[in-house]
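Student: I'm new to this one and don't want a quick tour of everything. Could you pick a single part, look at it closely, and then show me how it sits in the rest?

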Amino acid sequence: MYKYNKENADMGARIKEIRKKRYMTQEELAEAVEISTSQQMSSIERGMIGLSLPKFRDICRVLGIEADYLLFGISSRNAETVINKYTEQMTDEQLNTVTELVRVYAKSCGIPEL
């Protein structure tokens, strides 16, 4: 019998969130990472069971997400960051303006230009 685990549930909720953003079903993700059934994937997403390290890596790879996001809910390089959520909605002109603002601000902070 499976037992609920808060840390597994938090990670499972993030897996579900990203899976849905990728328009994948539990069945499709389970098949892609060679998990035997969609019911097992459901148990993972609900925090009833955990993941082995190889399956965890497979899920990160298939979903195109970094491990730190699934583990902790944060990632500075992930497409799911707050900044990226805003910039995805901007026109090219708006994005160029934001890029220039960041460049100027970084320079004022003593960060060398890339």
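Tutor: Let's begin with a term: helices here are DSSP runs of H or I that are at least four residues long, and they are numbered from the N terminus. One caution before we go in is that what you're looking at is a predicted model. The part I'd pick is α3, which covers residues 38–45.

For a bit of background, the protein has seven helices and zero strands. Read along the sequence, that gives α-α-α-α-α-α-α.

So what makes α3 worth a stop? It is mostly covered, with six of its eight residues buried. Buried means under 20% relative accessible area. The buried residues in α3 are S38, M41, S42, S43, I44 and E45. Among the things covering them are α1, α2 and α4.

Take S38 as a sample, since S38 is found in helix α3. Its relative accessibility is 17%, so S38 counts as buried. Setting aside neighbours within four places in sequence, S38 is in contact with Q26, E27 and A30. Now look at the other end: α3 is followed by G47, and the phi of G47 is positive, near 80°.

Let's step back to what comes before α3. E34 lies in the loop between α2 and α3. Here the phi is positive again, about 60°, although E34 is not a glycine. Unlike the buried S38, E34 counts as exposed, because its relative accessibility is 65%.

E34 also has a partner to find on your screen. That partner is K55, which lies in helix α4. The side chain of K55 reaches the backbone oxygen of E34 at 3.1 Å. Leaving out residues up to four places away in sequence, K55 touches V33, E34 and I35. If you follow the chain from V33 to K55, they are 22 residues apart, yet their C-alpha atoms are separated by 6.6 Å.

There is a similar spot one loop earlier. Y23 sits in the loop between α1 and α2. Y23 is not a glycine either, but it has a positive phi of about 55°. With 75% relative accessibility, Y23 counts as exposed.

Now for the inside, where α3 has a share too. In soluble globular proteins, nonpolar side chains tend to be buried together. In this model the largest nonpolar core has 18 residues, and those with the most contacts inside it are I15, I59, L63 and L70. The elements that give two or more residues to this core are α1 (6–21), α2 (26–32), α3 (38–45), α4 (53–63) and α5 (67–72). The biggest giver is α4, with four residues.

L70 is a good residue to click on here. Not counting residues up to four places away in sequence, L70 touches M11, R14, I15, F56, I59, C60 and I65. One of those, C60, has 9% relative accessibility and therefore counts as buried. C109 is another story: at 43% it counts as partly exposed. As for disulfides, the count is zero.

To finish, let's zoom out from α3 and look at the overall form. The C-alpha trace spans about 55 × 25 × 20 Å along its principal axes. A compact globule of 114 residues would have a radius of gyration near 13 Å, but this protein has 18 Å. Across the 114 residues, 29% count as buried, so keep that in mind next to α3, where it's six of eight. Of the contacts with a separation of 6 or more, 54% are between residues 24 or more positions apart.

You can also check a helix outside that core list, α7, for straightness of numbers. Helix α7 has 17 residues (92–108), which at 1.5 Å a residue should span 24 Å, and its end C-alpha atoms are 24 Å apart, so the two agree. Just after α7 comes G110, with a positive phi of about 85°. That may remind you of G47, the residue with positive phi that follows α3.

Notes: Residues numbered from 1 in each chain as written. Predicted model: local features only at pLDDT ≥ 70, side-chain atom pairs only at ≥ 80, totals over all residues. Heavy atoms only, no water. Disulfide = S-S within 2.5 Å. Buried < 20%, exposed > 50% of the residue type's maximum accessible area, 1.4 Å probe, protein only. Core = buried A, V, L, I, M, F, W, Y, C linked by side-chain atoms within 4.5 Å. Contact = heavy atoms within 4.5 Å. Polar contact = N/O pair within 3.5 Å; in protein donor to acceptor, adjacent residues only side chain to side chain. Expected span 1.5 Å × (residues − 1). Rg over C-alpha atoms; globule rule 2.2 N^0.38 Å.
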